Amino acid sequence: MTSNILILCATGMLVSAYLMVGQKALLTTIRLYGAQSLLLGIVATTIALAEGRHELFVTAALTVTLKAALIPWFLLRTVDRIGIHREIEPALNVPASLLVCLGLTVVGYRVSTGFLEGARGVGHHLIGVALSLLLIGLFLMVTRKKAITQILALLTVENAVFLVAIGVTEGMPFIVELGISFDVILAVLVLGILVQRIVGRFESMDISRLSKLKG
Amino acid sequence: MRELVAIGLPAAFAVRLLTIAATMLLVRRAQTCRWTSMLGSIAASILTMTVALTVITTGQPVAGLLMRHVASSIVFDYAVTPLSAWFLMVLGLIGIPIAVYSIAYFAHAIAAPRTALVGSAFNVLLGSVEAVFVANGIITFLCAWEVMTLATAALVATEHQELASRGAAFLYLVMSHVGTGCLVVGFLVLAAHAGSLSFPDLLSGEVVSGTLRQGVFLLFFVGFGVKAGVIPMHVWLPEAHPAAPSSVSALMSAVLITAGIYGLYRFCGFGLGVPDQRWALAFMIVGMLSAILGVLYALTQTDLKRLLAYSTIENSGIIVLGLGAAMMALAHRQPILAAVAVAASLMHVLNHGVFKGLLFLGAGSVVMATGTRDVEHMGGLLKRMPKTGLYFLIGALAISGVPMLNGFPSEWLTFQALLLGFTSTPGVVRLAFPIAAGLLALTSALAATCFVRAFGISFLALPRSTAAAGARESPMLMLAPQAWLAALCLVLGLFPGAVLRALEGVVVSLPGLRTAAPMTAGALGMAPALSAFDRVVPGVFAIVVLGALIAAALLTAFRKTAMRRAPTWACGGVLTARTEYTATAFSKPLLMIFESIYRPMRQVDAVTEVSPYYPAEVRYREQIEPTFERYLYTPLVRLVMRGAKGMRVLQAGSLHTYLAYVLVLAVILLVWLGGTT
């Protein structure tokens, strides 16, 4: 039962990442990220209940409040304020992107069998999903031009790291977890402000225009 | 005494640091600043010289700790081996007069606000060279090496408002860093195999073998060769020497070059086990090339300091040639012959330092008095600067290898080693010895020509410019160091036996060398301990020359006829500066003889007004081809630039591209490493 829930949630996270890749509307992408974080919270809660690791409840609570609610809310507000709602021209079109992500997932799963924990059923899936998520997040960063999408991609990578940390290992020390959470919030805040500045300066949030700053 | 020696080196470094701090604090008072920096430098040099002389006389190395970095457990320790001590002594012997000279010279040559900078850079340079000589581990050595490079670059760029100075400093920095890069790789390879960073472990001679040993040798050869200024790694030298203030040029020529030589000795010659025959051949070829080409290029220069710089290349070549002969002898198991060659080479390090220091100081005085470095604008200086002229003449005679002065004994010993090498080594490679001896003889003759020209054109006859006509003698503080170095030239030339006796301890401290019997014949003579060797006593020359002089003086004194002064006969014409032999004309015959090497480009323009037979003005321009720059360095630079352009594609300036690199790298690493377990 527990392993089924874990696999279901992990797969849900992977699916949300795929949807983010296939999605051009910024608002929907942010909501997808929120859903992904919610699923991560469920994973944490499930493990906490099943293995009696109570400190994971705190992690779950932090994940849900910060990443599933606060950050999406802040990002939605930013998008509303600057009035740009669509990713116009990704560097790679959607079908091709999905194909590449498929390849990345294969790599992630293939590599996950190399780990010692990969021998156990659930761990194998969690590592595979996390690695795929990480690579897809990086891929999103490479192909998308809007600064908001970049932030979401970074957060996806961060979710992937968290998934491995709580699902496979004994979990990170609490203080580190707390630190990372605040780091993420701070990063999002700073990036959100930066996005507004970029838009104000260049009348676009296309970060490829930043290359004009190069000497 | 023992205690003083034990703390001598740390104390010297402390004095230098304090001096630098004081110099920096006194930045606004140029004169005090000058005195402080130079007196501090002299004090430190005296301390290091005490240590060096003790080590040379007792033969017991002095070692100790300078600093320990606890966090990284890196130890900065030093060890004054007899070889280090020899170089340290040369450094002190020349560093002291140069510092005295600089007190007066910097007042004239350096703008007041820059005094503190130049004064501290002077101290930093000397201190770092001392550290290079005594370093006992990789970290200490490389730190000191790098500081030495930077300090020299700063001194070369003293006149940084001039494009030529900046260019020279840049060229020097680039070449030095290529060299240092080679050294770092070589040291790391050695350290990885020895599992230690300290020199005694690294240089035991059995750390690496096979192809790796050859590779390490090549890296060290290039790395130290750049600093030693041997052809073809010499191109920075003729640019950097004229750009620096004259006393610094003296320091660079006498000291910086020896740092490279020291490296070649310690790491190439005696650090990698018994030398390979090919290495010895490489040393000999490079030494011969440097000697002959260095003097040939020196011959055509009209810039006095550039001429001296090329002559430094020549002497560096002679030193390397001696080392190469020693390595060849070692490769054929001839320890006694090798000892003679090493003694010759190390003796030349000392002698070259002394006379080249003297010549650069003299050139500095001349440049200061006339305001030009071009010998075509000098002339007649002997009447106006008699003392400088005398000292310069002594230096010029010494560098030409005239007996009684110090250029002679070391070149004579080198000849002995080369001539004997032919008979005591087997195989075809022994042909290298007579060829080298022949080329060395040619080099000596050409060097004599070169300095006849340098002295004659700049000091004799009539002044060629108003600046030369108005030249004044240098102040006492600049003359005294020259007098001291000139006296040293004479003493070292008359008592080569004493020098050789001091050197014997140094020579036998090197692995694989030994002497069968003392190489000396009293303090006055040299007689290397092989029956086939000749022996020589320069003192006999002195007695003969002195006797002739006394006889001449007596003859003049008791002559009956009265002395009559008359103008020089000029076939009825009037003698002016325009009728003089020019420097270009003087070297013209040699230029024509060695046309295939110089490949000169001549251009004669005649400006005619009435008839082509009566030109109003003839312009003559001549340029020798910079062979190494054109055929070696220009293609190399082009290659590097093309590579750099290719690399620029990677740095597209697009964030997405950079992120894509990370992604691709992550996937590759995951696939590569993730699949292995």
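Helices and strands are here DSSP runs, of at least four residues for a helix and at least two for a strand. On that basis, chain A of this predicted model has seven helices and zero strands. In chain B, by contrast in topic, the points below concern a strand hairpin, a nonpolar core and a set of aromatic pairs.

**Chain A: fold and surface**

- The order of elements along the sequence of chain A is α-α-α-α-α-α-α.
- Chain A has 215 residues, and 50% of them count as buried.
- When contacts in chain A are restricted to residues at least 6 apart in sequence, 73% of them join residues at least 24 apart.
- Chain A has an accessible surface of about 9,800 Å², and carbon and sulfur atoms account for 69% of that area.

**Nonpolar cores**

- The largest nonpolar core contains 207 residues. The residues with the most contacts inside this core are B:Val80, B:Trp86, B:Phe133, B:Phe141, B:Phe220 and B:Trp236.
- Helix H13 of chain B, spanning residues 335-370, supplies the largest share of this core, with 20 residues.
- Another core, of 61 residues, lies apart from the largest one; A:Cys9, A:Ala17, A:Leu40 and A:Val168 are among its members.
- Leaving aside residues up to four places away in sequence, B:Phe141 touches B:Val132, B:Ala135, B:Phe187, B:Phe199, B:Phe224, B:Tyr262 and B:Phe267.

**Strand hairpin in chain B**

- Strand S1 (residues 62-69) and strand S2 (residues 74-80) of chain B pair in the antiparallel sense, over seven bridges.
- One of the bridges joins B:Met67 to B:Phe76, its partner in S2(B).
- S1(B) and S2(B) form a hairpin, with four residues between the two strands. In the turn, B:Ser73 has a positive phi of about 50 degrees.

**Aromatic pairs**

- Over all chains, the count of aromatic pairs comes to 33.
- B:Phe87 and B:Phe133 form a tilted pair, with 5.5 Å from centre to centre and 45 degrees between the planes. This pair links distant parts of the chain, 46 residues apart: B:Phe87 belongs to helix H3 (residues 82-109) of chain B and B:Phe133 to helix H4 (residues 115-134) of chain B.
- B:Phe87 counts as buried because its relative accessibility is 1%, under the 20% cut-off. B:Phe133 is likewise buried, with a relative accessible area of 0%.
- B:Phe106 and B:Phe122 form an edge-to-face pair, at 6.4 Å centre to centre and 85 degrees between the planes. This pair also links helix H3 of chain B, which holds B:Phe106, to helix H4 of chain B, which holds B:Phe122, and the two residues are 16 apart.
- B:Phe106 counts as buried at 1% relative accessibility, and B:Phe122 is buried with a relative accessible area of 0%.
- Ring pairs also link B:Phe141, B:Trp145, B:Phe187, B:Phe199, B:Phe220, B:Phe224 and B:Phe267 into a cluster. Among these, B:Phe187, B:Phe199, B:Phe224 and B:Phe267 are residues that B:Phe141 touches.

**Charges over rings**

- In chain A, A:Lys67 lies over the face of A:Phe162, at 3.9 Å from the ring centre.
- In chain B, B:Arg430 lies over the face of B:Phe422, at 4.8 Å from the ring centre.

Methods
Residues are numbered from 1 along each chain as its sequence is written. Chains are lettered from A and ligands numbered from 1 in the order in which they are written. This is a predicted model: local features need pLDDT of at least 70, side-chain atom pairs count only at pLDDT 80 or more; totals for chains, interfaces and linings use all residues. Side-chain values use heavy atoms; hydrogens and water are left out. Buried means under 20% relative accessible area, exposed over 50%, partly exposed in between (1.4 Å probe, protein chains only). Contact means heavy atoms within 4.5 Å. Accessible areas come from the Shrake-Rupley method with a 1.4 Å probe; for residues, only the protein chains shown count as cover. A nonpolar core is a set of buried Ala, Val, Leu, Ile, Met, Phe, Trp, Tyr and Cys residues joined through side-chain atoms within 4.5 Å. Two strands pair if DSSP finds at least two bridges between them. Rings of Phe, Tyr and Trp (its six-membered ring) pair if their centres lie within 6.5 Å; planes under 30 degrees apart count as stacked, over 60 as edge-to-face and the rest as tilted. A charge sits over a ring if NZ of Lys or CZ of Arg is within 6 Å of the ring centre and within 35 degrees of the ring normal.
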